[in-house]
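These are my notebook entries on a structure I had not examined before. I looked up one topic at a time and wrote down what I found.

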Amino acid sequence: ARFEDLDAARAAARDARGAGFAVDVPRETPEGWLIFGRPQLPFPGDERDRYASRFHAIATQHGGAFSQFVQETSADSAG
């Protein structure tokens, strides 16, 4: 999710953590402040839309724009 304001990005990150997402510290880019979140626990594939919708709602509530929900592969999480 992208935010124009750092405080809004921090508030969204806090709320997303409270909703069960692991969220990185907001990262500044030329387009604004970005937060990346992922569910703390694995979830069934049929729950993807529900998690994406929840993260989208949190971003919107704080004036952010939700970009996309991307499925991680094992290579993505390996670092």
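**Entry 1: the length of helix 2.** I began with helix 2, in what is a predicted model. Its 14 residues, at 1.5 Å a residue, should span 20 Å, and its end C-alpha atoms are 20 Å apart, so the expected span and the model agree.

**Entry 2: the two sides of helix 2.** I next asked which residues of helix 2 are buried. They are Tyr51, Ala52, Phe55, Ile58 and Ala59. Around the axis they cover an arc of only 125°, and therefore they lie on the same side of helix 2. I noted the general background: an α-helix has 3.6 residues a turn, so residues three or four places apart point the same way. On the face turned away from the buried side I found the exposed residues Asp49, Arg50 and Gln61.

I then looked up what the buried residues of helix 2 pack against, and recorded strand 1 (2-3), helix 1, strand 2 and strand 5. After helix 2 comes Gly63, which has a positive phi, near 80°.

**Entry 3: the chain as a whole.** With helix 2 described, I turned to the overall arrangement. The chain has three helices and five strands. Read from the N terminus, the order of elements is β-α-β-β-β-β-α-α. The chain has 79 residues, and 30% of them are buried. I also checked the contacts between residues at least 6 apart in sequence: 45% of these join residues at least 24 apart.

**Entry 4: the largest nonpolar core.** How many residues does the largest nonpolar core hold? I recorded 17, and the members that touch the most other members are Ala1, Phe3, Ala16, Phe21, Val23, Ile35 and Phe55. Helix 1 (6-18), strand 2 (21-23) and helix 2 (48-61) are the elements that give two or more residues to this core. In general terms, nonpolar side chains tend to be buried together in soluble globular proteins.

I followed two of these core members further. Leaving out residues up to four places away in sequence, Phe3 touches Ala8, Ala9, Ala12, Gly32, Trp33, Ile35, Ala59, His62, Gly63 and Gly64. Ala16 is in helix 1. Its relative accessibility is 0%, so Ala16 counts as buried. With the same sequence neighbours left out, Ala16 touches Phe21, Val23, Phe55 and Ile58. I also looked up Ala16 and Ile35, which are 19 residues apart along the chain, and found their C-alpha atoms separated by 9.9 Å.

**Entry 5: aromatic pairs.** I counted three aromatic pairs. One of them is Phe21 with Tyr51, an edge-to-face pair at 5.9 Å centre to centre with 85° between the planes. Phe21 lies in strand 2 and Tyr51 in helix 2, so this pair ties together parts 30 residues apart in sequence. Phe21 is buried, with a relative accessible area of 1%. Tyr51, at 19% relative accessibility, also counts as buried because the cut-off is under 20%.

Phe55 and Phe66 form an edge-to-face pair as well, at 6.2 Å centre to centre and 65° between the planes. Phe55 belongs to helix 2, and Phe66 to the loop between helix 2 and helix 3 (74-78), so the pair ties together parts eleven residues apart in sequence. Phe55 is buried at 6% relative accessible area, whereas Phe66 is partly exposed at 22% relative accessibility. Ring pairs link Phe21, Tyr51, Phe55 and Phe66 into a cluster.

**Entry 6: salt bridges.** Finally I looked up charged pairs. As a general matter, side chains of opposite charge can pair when their charged atoms come close. The structure holds two salt bridges.

One salt bridge joins the side chains of Arg14 and Asp15, at 3.4 Å from N to O. Arg14 is exposed, with a relative accessible area of 51%, while Asp15 is partly exposed, at 25%.

Asp24 forms a salt bridge with Arg38, and their closest N and O atoms are 3.6 Å apart. This pair links distant parts of the chain, 14 residues apart: Asp24 is in the loop between strand 2 and strand 3 (27-29), and Arg38 is in strand 5 (residues 37-39). Asp24 counts as partly exposed at 29% relative accessibility, and Arg38 is partly exposed with a relative accessible area of 33%.

How values were computed. Residues are numbered from 1 along each chain as its sequence is written. This is a predicted model: local features need pLDDT of at least 70, side-chain atom pairs count only at pLDDT 80 or more; totals for chains, interfaces and linings use all residues. Side-chain values use heavy atoms; hydrogens and water are left out. A nonpolar core is a set of buried Ala, Val, Leu, Ile, Met, Phe, Trp, Tyr and Cys residues joined through side-chain atoms within 4.5 Å. Buried means under 20% relative accessible area, exposed over 50%, partly exposed in between (1.4 Å probe, protein chains only). Helices (H or I, at least four residues) and strands (E, at least two) are DSSP runs, numbered from the N terminus. Contact means heavy atoms within 4.5 Å. A salt bridge is a side-chain nitrogen of Lys or Arg within 4 Å of a carboxyl oxygen of Asp or Glu. The expected span of a helix is 1.5 Å times one less than its number of residues. The arc is that of the directions from the helix axis to the C-beta atoms. Rings of Phe, Tyr and Trp (its six-membered ring) pair if their centres lie within 6.5 Å; planes under 30 degrees apart count as stacked, over 60 as edge-to-face and the rest as tilted.
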